[in-house]
Amino acid sequence: MKVKVLTRNPDDYLRETKRDIHKVPRNFDPDHHPFEGAREYVRALNAVKLEKIYAKPFVGSLDGHSEGISAIAKHPKSLSVVASGSHDGEVRFWDLPTRKCFRNIQAHDDSVKGIAYTKLGERFITIGDKTIKIWNSKVPEYGETDMPQFSIVSKALLTGLTYSPRYEKFATCGEKCQLWEEERNEPITTFTWGVDTVHYIAFNPIETYLIGACADDRSITFYDTRDSGPIRKLVLALRTNQISWNPMEAFHYTVANEDYNLYTFDMRRMSSAVKVHKGHISAVISVDYSPTGLEFVSGSYDRTLRIFPADKMNSREVYHTKRMQRISNVSWSLDNKYILSTSDEMNIRLWKARASEKLGVLPPRERASLAYNEALKKKYQAFPEVRKIAHFRHVPKYIYSASQQIRMMRTKEKRKESNRRQHSKPGTVPFVSEARKHIVKEE
Amino acid sequence: MDSPAQEESLSKQRKERKNKMKNKKQFDPKLLKYSRGPGIKNPKRISNIFDRAKVLRKEKNIHWAEEQAARAEVLLTEEVGYIVPDKGEKTNNLTQKNISKAVDITSATKYFELDLKFGPYRFDYTRNGRHLLIGGKKGHVAAMDWVTKRLLCEINVMEEVCDVQWLHVETMFAAAQKKWVYIYDNQGVELHCIKKLYNILRMTFLPYHFLLATSNEDGWLSWLDISIGELVSQYNTREGRLSVMEYNPYNGVICLGHSKGVVTMWSPNVQKPLASMLCHPTGVQAIAIDSTGKYMSTSSANSQIKVWDLRNLTGPLKYYQLKNAPTDLSFSQRGCLAAAIENTVQIYKNCHIESVNEPYLVHKTRTFVHGINFCPYEDVLGISTTSGFSSILVPGSGEPNFDALEVNPFQTKSQRREAEVKSLLEKVQPEMIVLDPSIISEVDVPTLRDKIEAKEKLLYLKVPKIDFTPRKKKRGNTARAARVKKIVKENNKKEFIKGIKEVQKNLVNVTKGGNNKKKTQAPSVLDRFRKK
């Protein structure tokens, strides 16, 4: 007779010393893991709750300006440096990790209208009170006076500035758009289309000869720097405040509009918007794409920041604080982790781009567990309970009530339109999609 | 060189090989064990190519995971126990003494007997099979690490003890005493007295839900959430004394055996049984459910054992007539069924799958057997009798390979604490106890029946009542106001009925189908002669 009974040698199952990790034998037989679905669901629910618990997006504020901030520029090569200019003509440089100002210049007598770093960040340009000043990025030694390397007096009014991502050229806007070369007193080219003032201008980061400009006559104009001429023009129902190019898809751009919406357009087919992004309850002032091109941040007159996925209508996140006033500028950092916002009450605020993200280096096990949680959230995102928790954002009462009101207004308009359609001759009230409704004309 | 015919045959061969591989993948029995269902049968039906690609990628990942799980079987270290008898020898002639002599010393120590005076006894093993809790009718309660024979506590509660039950960890246990249920820690200190649970006969613990299910003398079935200390639900089964209770480890449903030969299944969400099966012509004496939750065996007073399929609630799959009535049954993890018959314990191997003529092992005790339970992850059967407790060796009954993240017999204190926190975080809500627990991971598609019901509802809609009070123009003109009210209500009713008729008409057209097609044909001159 041969008998074998289960005996386990404890040495095979216990760690040898206290410094070892515990031995964890696994058996993946599904019969040993009952309630698989239910437990995974509970885990997903916990994951989404934990995300909300850890959602603390505000990192800190950069305090120092004594006037409202009018312009902000990120350093193209250094993640820690950011420059900001205020309405009293002061330009400050901030070290983001320590959140301290390490240099300040009284650059202009009047408001600083724009700041831009050169391609590699060794110089920077400021504009204001009809002058363009080119400065060295290096902080002057003790005793040296902080003077611009070069300054140009422009004949035209200056309101916006952008530096070419490829060439040593920059463009300004104002009464007309001008293309400049450094160390030249005269613009190399001047573009105009119509007579109105252009208030914002931006180079396309990929197609580097392309410039997008927002004018006061509600139009968005595109110029080709090789051609010395405008290419296209798009007029929306209300004024466009800013334009931001998608850094990954050269033909996509998003505009921040006065009518509380943002519009993403395809350069190749501008007769309708690719997406209309809704959510703000007041004019959208500023917009900036993340370096991945998947998302963008927008700042509005309603004192909130919203983060939109580039291909979605609704925002995934809304940031607000009690003391933050109207947003004047937003900027997404080049490491895709932080967002900077400037507002009327003289502060620059630093936010996390993903509210619940843990900062710093993560141990591998923690990273794995976060990845698992992420996968769970994705798998169970359609479950009502999970979706409810994931989508809910607490907003101040004024925003909540205003958004309710706006929703009511929009449904009213829709209802009215359908009523009108019902009671008029078929075909007289055409269906116009939301993507086309706000476009006045395209040239 | 390559003629077209040759090429064709080559491609044919390739195709065949591919098909073979495909079939192999699908019908590999080793993979089938880890399979989470057949997946999407016809992905071409998904019209959007992006969605289709997404679904196919997901399917691929799932299949990959199944394959990896199956491949990990190589890493399992332990093997199942067995007895290989000599020629002409029968396993059921072997005594425990024979077996314990033939095995190694550590295993031989697992065969022991405790002579105790406070019987008859009830007992319970922890989920990892490491600790044992015994409770005698005359108030004796003892907890021990039975492998090392280390006593944790031994108390006399000075009261009748009907049942004992370990909770989620080995530091706490519940004892159903004469009147109420008490909770003690492993030092024997009374932590709680739960007066909501009274006259309890049987207790069982649902580890993933943290529910202590109890059945009482008057026919009440209750679930107590021990993590928050609240009664989840309490139902009167209206079946009298509930002395037979078992829980289905697959779906958390409680099975009760009744004196009329009926087995009912209960979830804390429904006041009535989810299912009731007439299993025996006489009273149900014992129920045992196997660890996969697929099979249930019941025994009755007329000495029958029947095996039922719990997935389809059909059966009996197997039917055995014994000489005496089994008073208790227990399934082991590897499919051994033990039956307590008076003062003997008979163990049958795989009797739920194949018909068995004689027991695998037989063990005789000195006194009447009151309870039997297999120890998880060990080849051991615990037997409680009138005069104590004995533990016998049953080779091949226990699962050799445990999953340490689920239950770990070699758990340290810190591991236990961590597991406790983790399991509390993952506590499954009692609302999720249903007959088919996999329903949550399935796609929620309305069945044909649901669709038909929804349509039928449209046919029997009631006119909604409207609350209308006419404006008062003049004082005292109540008759006119009443008339206006009546007119408005009637108009509302007419309009509603009109709308409903249209909906019903459409419904009929859709269901008939054929009529609709004819109408869409181009009108012809001869239409005027058609019947209208």
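A residue counts as buried when its relative accessible area is under 20%. In this predicted model, B:Thr344 comes out at 12%, so it falls on the buried side of that cut-off. B:Thr344 sits in strand 25 of chain B, which covers residues 344-349. Setting aside residues up to four places away in sequence, its contacts are B:Ala339, B:His363, B:Lys364 and B:Val369.

Over in chain A, helix 2 and helix 3 (residues 364-379) pack with their axes 9 Å apart, at an angle of about 110°. Angles of 65 to 115 degrees count as roughly perpendicular, and that is therefore how helix 2 and helix 3 of chain A are described. On the helix 2 side, the contact is built from A:Glu40, A:Arg43, A:Ala44, A:Ala47, A:Val48 and A:Glu51. Helix 3 of chain A brings in A:Tyr372, A:Asn373, A:Leu376, A:Lys377 and A:Lys379.

Just past helix 2 (36-53) comes the loop that leads to strand 2 (58-63) of chain A, and A:Tyr54 is found in this loop. With a relative accessible area of 52%, A:Tyr54 is exposed. Together with A:Leu50 and A:Ile53, A:Tyr54 makes a nonpolar surface patch of about 310 Å².

Then there are the charged pairs. Side chains of opposite charge can pair when their charged atoms come close. Across all chains, the search turns up 42 salt bridges. One of them links A:Glu366 and A:Lys358, at 2.9 Å from N to O. Both ends are partly exposed: A:Glu366 has a relative accessible area of 25%, and A:Lys358 is at 47%. Another salt bridge joins A:Glu357 to A:Arg354, with 3.7 Å between N and O. Here too the partners are partly exposed, with 22% for A:Glu357 and 31% for A:Arg354.

Helix 6 of chain A (residues 434-437) has a salt bridge within its own span: A:Glu434 and A:Lys437 both lie in this helix, three residues apart, or about one turn. Their closest N and O atoms are 3.7 Å apart. A:Glu434 is partly exposed at 31%, as is A:Lys437 at 42%. A network that takes in both chains also shows up, with A:Arg39, A:Arg43, B:Glu406 and B:Glu426 joined by salt bridges that share partners.

Finally, A:Arg420 belongs to helix 5 of chain A, residues 397-422. A:Arg420 is partly exposed, with 46% relative accessibility. Its C-alpha atom is 53 Å from that of A:Leu370, a residue 50 positions away along the chain.

Notes:
Residues are numbered from 1 along each chain as its sequence is written. Chains are lettered from A and ligands numbered from 1 in the order in which they are written. This is a predicted model: local features need pLDDT of at least 70, side-chain atom pairs count only at pLDDT 80 or more; totals for chains, interfaces and linings use all residues. Side-chain values use heavy atoms; hydrogens and water are left out. Patches are made of residues with over 30% relative accessible area and no salt bridge: like charges are joined within 9 Å, nonpolar side chains (Val, Leu, Ile, Met, Phe, Trp, Tyr) within 5 Å. Accessible areas come from the Shrake-Rupley method with a 1.4 Å probe; for residues, only the protein chains shown count as cover. A salt bridge is a side-chain nitrogen of Lys or Arg within 4 Å of a carboxyl oxygen of Asp or Glu. Helices (H or I, at least four residues) and strands (E, at least two) are DSSP runs, numbered from the N terminus. Buried means under 20% relative accessible area, exposed over 50%, partly exposed in between (1.4 Å probe, protein chains only). Axes are lines fitted to C-alpha atoms, for helices over the stretch in contact, and angles run from 0 to 180 degrees between N-to-C directions. Angles under 35 degrees count as roughly parallel, over 145 as roughly antiparallel, 65 to 115 as roughly perpendicular and the rest as oblique. Contact means heavy atoms within 4.5 Å.
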